[in-house]
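Trainee: I am new to this structure and should be grateful for a close look at a single part of it. Would you please take one helix and its surroundings, and explain each term as it arises?

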Amino acid sequence: MPQIHEKIHELTVGQLAARSGAAVSALHFYESKGLIASRRTAGNQRRYTRDTLRRVAFVRAAQRVGIPLATIRDALAELPEERTPTKDDWAHLSEAWRSELDERIKQLNRLRDHLTDCIGCGCLSLDTCVLSNPDDAFGERRAGSRLMVERGGRQTE
């Protein structure tokens, strides 16, 4: 991993990519989504403060556990600008995300356990389809294999 001299307070996008392990295109995407910020030089080149390294690491760690980018952005927005997210920040936010992750794990386990029950479209001979009709929510309204969609308060097929 390339080292950056401690006297350098701003990083180019290439330096940030090399140090963070994120592709330049990913860094541009993160910036477009408000996850990181840069300033522009007189030559219109991006410059990132050193704390952006930690923010990128924070974003990538949260993404790996399945946290949506919008949720990550909201979490980072609670931190003061140009402050590196700390271990305590991560502990606080990860605790808040725990129940959401637990629910997703529960759903994924249920889908995995019933995946072999699916016979293509999942509704030819099954009473309920856990893939397209979890908990048989539509079966309570009407029998049949059509997915019912509510629009404007009424049911349509």
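Mentor: The following account begins with one helix and one of its residues, and then turns to the neighbouring helix, the charged pairs and the strands.

The model is a predicted one, in which local features need pLDDT of at least 70 and side-chain atom pairs count only at pLDDT 80 or more, while totals for chains, interfaces and linings use all residues. Residues are numbered from 1 along each chain as its sequence is written, and side-chain values use heavy atoms, with hydrogens and water left out.

The part chosen is helix α3, which spans residues 51-64 and contains Phe 58. Helices (H or I, at least four residues) and strands (E, at least two) are DSSP runs, numbered from the N terminus. Phe 58 has a relative accessible area of 5% and is therefore buried; the word means under 20% relative accessible area, whereas exposed means over 50% and partly exposed lies in between (1.4 Å probe, protein chains only). Leaving aside residues up to four places away in sequence, Phe 58 touches Ile 72, Leu 76, Pro 85, Trp 90, Leu 93 and Trp 97, where contact means heavy atoms within 4.5 Å. One of these partners, Leu 76, is 18 residues from Phe 58 in sequence, and the two C-alpha atoms are 9.0 Å apart in space.

The neighbouring helix is α5, residues 87-114. Phe 58, Ala 61 and Ala 62 in α3 meet Trp 90, Leu 93 and Trp 97 in α5. The axes of the two helices come within 12 Å and cross at roughly 25°; axes are lines fitted to C-alpha atoms, for helices over the stretch in contact, and angles run from 0 to 180 degrees between N-to-C directions. Helices α3 and α5 are therefore roughly parallel to each other, since angles under 35 degrees count as roughly parallel, over 145 as roughly antiparallel, 65 to 115 as roughly perpendicular and the rest as oblique. The crossing of α3 past α5 is right-handed, that is, the near helix is turned clockwise from the far one by less than a right angle, and anticlockwise would make it left-handed.

Charged pairs come next. Side chains of opposite charge can pair when their charged atoms come close. The structure holds 7 salt bridges, each being a side-chain nitrogen of Lys or Arg within 4 Å of a carboxyl oxygen of Asp or Glu. In α3, Arg 55 and Asp 51 are 4 residues apart, so about one helical turn separates them. Their closest N and O atoms are 3.6 Å apart in a salt bridge, and both residues are buried. In α5, Glu 100 and Arg 104 are likewise 4 residues apart, or about one helical turn, and the closest N and O atoms of their salt bridge lie 2.5 Å apart. Glu 100 is partly exposed at 31% relative accessible area, and Arg 104 is partly exposed at 27%.

Finally, there are the strands. Strand β3, residues 46-49, runs antiparallel to strand β1, residues 10-11, and 2 bridges join them; two strands pair if DSSP finds at least two bridges between them. Glu 10 stands opposite Thr 49 of β3. Strand β2, residues 39-40, also pairs with β3 in the antiparallel sense over 2 bridges, and Arg 40 has Arg 46 in β3 as its bridge partner. Strands β2 and β3 form a hairpin with 5 residues between them, and Asn 44 in the turn has a positive phi of about 65°.
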